[in-house]
Amino acid sequence: MKRCLAALVAAVCVVSATGCGAVTGADAAPAPTATRPAPSPTPSSASGLGDSVKDSGDIPDPCTLLSDAEVESLTGRGITRTDEDGAKPGDTTRFCQWQQPGGQLAVFLSRTTESDFTVTIDGATPVDGVGEDAFALAGHLYVLYGTVSIDVYARGDSDDENLAEAKKIAKVLMTRI
């Protein structure tokens, strides 16, 4: 099976660097003081507001693409903390993690090419019905959308339920990228 080595490496590096939200001390992000509002309309291929970044442009901050209410609705779990990447506009990889009681949602966005996305990775399982190409590996759903690799990691339910949640979330994200 052909799958995205570049997206996997980027996701592993980001997760390793953040410790899956286990940041402590002076590096710890402050606790959220209010619920994140619904995202403002952003240009996308479906929004009618202009060109999306599907094929070019800055990768958006994933934390701005889903409101707290949407994360709770899509996963069925509340949010205890949101970990933002702190990246600058123009960075080619972005992430956001929502820590949840008994679970977690993480979204990683990065630039890729179709040839990089289709590199063979042992154990990857093709996933139909989302994006131009998609596969599941190690609890992550990787979706190709133009030149954007969307990596959704939903944890807190059974593997099948987590994959179904990840597909719903990826479909929402595609309308906002």
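Ser149 is buried, with a relative accessible area of 1%. This residue belongs to strand 7. In sequence, Ser149 and Thr93 stand 56 residues apart, yet their C-alpha atoms are 9.3 Å apart in space. These values come from a predicted model.

**The chain as a whole**

The chain contains four helices and seven strands. Read from the N terminus, the order of these elements is α-α-β-β-β-α-β-β-β-β-α. The chain has 177 residues, and 42% of them count as buried. Among contacts between residues at least 6 apart in sequence, 62% join residues at least 24 apart.

**Residues distant in sequence**

Two further residues can be described in the way used above for Ser149. Leu65 sits in the loop between helix 1 (residues 5-18) and helix 2. Leu65 is buried, with a relative accessible area of 2%. Its C-alpha atom is separated by 6.5 Å from that of Arg176, although the two residues are 111 apart along the chain.

Asp85 is also in a loop, between strand 1 (residues 81-84) and strand 2 (residues 93-100). Is Asp85 buried or exposed? Asp85 has a relative accessible area of 19%, and buried means under 20%, so Asp85 counts as buried. When neighbours within four places in sequence are left aside, Asp85 is in contact with Thr93, Arg94 and Phe95. Asp85 and Asp61 are 24 residues apart along the chain, and their C-alpha atoms are separated by 8.1 Å.

The table collects the three pairs.

| Pair | Separation in sequence | C-alpha to C-alpha distance |
|---|---|---|
| Ser149 and Thr93 | 56 residues | 9.3 Å |
| Leu65 and Arg176 | 111 residues | 6.5 Å |
| Asp85 and Asp61 | 24 residues | 8.1 Å |

**Helix 4**

Helix 4 covers residues 159-174, which is 16 residues. At 1.5 Å a residue, the helix should span 22 Å, and its end C-alpha atoms are indeed 22 Å apart, so expectation and model agree. Which residues of helix 4 are buried? They are Asn162, Glu165, Ala166, Ile169, Ala170, Leu173 and Met174. These residues cover an arc of only 165° around the axis, which means that they lie on the same side of helix 4. The parts of the chain that cover the buried residues of helix 4 include helix 2 (residues 68-75), strand 3 (residues 103-111), strand 6 (residues 140-145) and strand 7 (residues 148-155).

**The largest pocket**

The largest pocket holds about 210 Å³ of space. It is lined by 15 residues, and the closest to its centre are Gly139, His140, Asp159, Asn162 and Leu163. Strand 5 (residues 133-137), strand 6, strand 7 and helix 4 each give two or more residues to the lining. Which element gives the most to the lining of the largest pocket? Helix 4 does, with five residues. By class, the lining has nine nonpolar, three polar and three charged residues. Asn162 therefore appears in two lists: it is one of the buried residues of helix 4, and it is among the residues closest to the centre of the largest pocket.

**Ala138**

Ala138 is found in the loop between strand 5 and strand 6. Its phi is near 55°, a positive value in a residue other than glycine. The relative accessibility of Ala138 is 65%, and exposed means over 50%, so Ala138 counts as exposed.

How values were computed:
Residues are numbered from 1 along each chain as its sequence is written. This is a predicted model: local features need pLDDT of at least 70, side-chain atom pairs count only at pLDDT 80 or more; totals for chains, interfaces and linings use all residues. Side-chain values use heavy atoms; hydrogens and water are left out. The expected span of a helix is 1.5 Å times one less than its number of residues. Buried means under 20% relative accessible area, exposed over 50%, partly exposed in between (1.4 Å probe, protein chains only). The arc is that of the directions from the helix axis to the C-beta atoms. Contact means heavy atoms within 4.5 Å. On a 1 Å grid over the protein atoms alone, a cavity is a set of points where a 1.4 Å probe fits but cannot get out, and a pocket is an open set with protein on both sides within 12 Å along at least five of seven lines; lining residues have an atom within 4 Å of a point. Grid points are joined across faces, edges and corners, and a volume is the space filled by probe spheres set on the points. Ala, Val, Leu, Ile, Met, Phe, Trp, Tyr, Cys and Pro count as nonpolar, Asp, Glu, Lys and Arg as charged, and the others, Gly among them, as polar.
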